[in-house]
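Here's a walk through one protein model, looking at how its sheet, helices and charged side chains fit together. Have the structure open while you read.

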Amino acid sequence: GHVTGVQTCALPISDAYRSLLAIWLSKVDLAASLAEGLAGDCVLSWVDASLARKNHGRVGWDFTKIAIPRGKFCHYSSKMSVYGSRLPLSAGFLGAEASTWRELAAIYVAMRQRLIAMPYGHDEETILSRCQAENPALFHCIDQQQLPEPVSRTPLQRLKRLLRGFVAPGR
């Protein structure tokens, strides 16, 4: 039960995941805390280090040149899905005015509390996606990509597709 990659992590997987989850789930809380002492129109952004490897790979890739619209919580689109539905946002870059961060924080905390009871292990992207579903006017997608919905398959269809790769035709 240890996480192994380029380097070995001394934490058991559950502890490592819990630490990562604590970071992921605190993005909105940290930004909203910083926003508390700022003027409402001051812009704050969360930028994951992983965003550096996405250069030139999407519309509006240079987040340093993004104009943050007033009263909007800005994000990029996502290719991830949950329960067969596309998530509308990626949390690698999140930008908004201080007043918008404060507004979103209240919505986010309430949504996080609602989702705790679900059997799904939510992260900030699934929670923010639910926030967006209930408050669409608050969100703005920077790259405006309209990605197709993932193909939903039953467990039997997935198994048949997997087995096709192992069984040669004509046998």
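Which residue in E8 is the bridge partner of phenylalanine 73? That would be phenylalanine 139. Before going further, keep in mind that this is a predicted model.

**The sheet**

Let's start with the strands. E3, E7, E4 and E8 make an open sheet of 4 strands, in the order E3-E7-E4-E8 and with mixed pairing. E3 and E8 are the edge strands, each pairing on one side only. On average, neighbouring strands here are turned by 20° against each other, direction ignored.

E4 is a good strand to look at from both sides. Towards E8 (residues 139-141), E4 runs parallel, and 3 bridges join the two. Towards E7, E4 runs antiparallel, again with 3 bridges. On that E7 side, cysteine 74 has glycine 95 as its bridge partner.

What about the faces of E4? In a regular strand, side chains alternate between the two faces of the sheet. In E4, Phe73 and His75 sit on one side while Cys74 and Tyr76 sit on the other, and all of them are buried. Both faces of E4 are covered, then.

**Helices on the sheet**

Now for the helices. H2 lies across E3 and E7, and runs at about 155° to E3. H3 packs on the sheet too, touching E3, E4, E7 and E8, and its direction makes about 120° with that of E7.

**The aromatic cluster**

Back to phenylalanine 73, which turns up again once you look at the rings. The structure holds 3 aromatic pairs. In one of them, phenylalanine 73 meets tryptophan 101 edge-to-face, at 4.9 Å centre to centre and with 85° between the planes. That pair links distant parts of the chain: phenylalanine 73 is in strand E4 and tryptophan 101 in helix H3, 28 residues apart. Both phenylalanine 73 and tryptophan 101 are buried.

Phenylalanine 73 also pairs with phenylalanine 139: the ring centres are 5.5 Å apart and the planes lie at 80°, so this pair is edge-to-face as well. Here the link runs from strand E4 to strand E8, with phenylalanine 73 and phenylalanine 139 lying 66 residues apart. Phenylalanine 139 is buried, just as phenylalanine 73 is. Put the rings together and you get one aromatic cluster of Phe73, Trp101 and Phe139.

**Salt bridges**

How many salt bridges does the structure hold? There are 5 of them. The table lists some, with the N to O distance for each.

| Acidic residue | Basic residue | N to O distance |
|---|---|---|
| glutamate 124 | lysine 27 | 2.8 Å |
| aspartate 29 | arginine 112 | 2.8 Å |
| glutamate 97 | arginine 70 | 3.1 Å |

Take the salt bridge between glutamate 124 and lysine 27 first. Glutamate 124 lies in helix H4 (residues 124-134) and lysine 27 in helix H2 (residues 27-35), so the pair ties together parts that are 97 residues apart in sequence. Glutamate 124 and lysine 27 are both buried.

H2 has another charged contact, the salt bridge from aspartate 29 to arginine 112. This one links helix H2 to helix H3 (residues 98-115), with aspartate 29 and arginine 112 lying 83 residues apart. How do the two partners compare for exposure? Aspartate 29 counts as partly exposed because its relative accessibility is 26%. Arginine 112 counts as buried because its relative accessibility is 18%.

Then there's arginine 70 with glutamate 97, their closest N and O atoms being 3.1 Å apart. Arginine 70 is in the loop between strand E3 (43-47) and strand E4 (73-76), and glutamate 97 is in strand E7 (residues 90-97), 27 residues apart. Which of these two is buried and which exposed? Arginine 70 is exposed, at a relative accessible area of 65%, whereas glutamate 97 is buried, at 6%.

One last thing to find on screen: salt bridges that share partners join Lys27, Asp48 and Glu124 into one network.

Methods
Residues numbered from 1 in each chain as written. Predicted model: local features only at pLDDT ≥ 70, side-chain atom pairs only at ≥ 80, totals over all residues. Heavy atoms only, no water. Salt bridge = Lys/Arg side-chain N within 4 Å of Asp/Glu carboxyl O. Buried < 20%, exposed > 50% of the residue type's maximum accessible area, 1.4 Å probe, protein only. Pairing = 2+ DSSP bridges. Axes fitted to C-alpha atoms, helices over the stretch in contact; angles between N-to-C directions. Contact = heavy atoms within 4.5 Å. Phe/Tyr/Trp six-rings, centres within 6.5 Å; stacked < 30°, edge-to-face > 60°.
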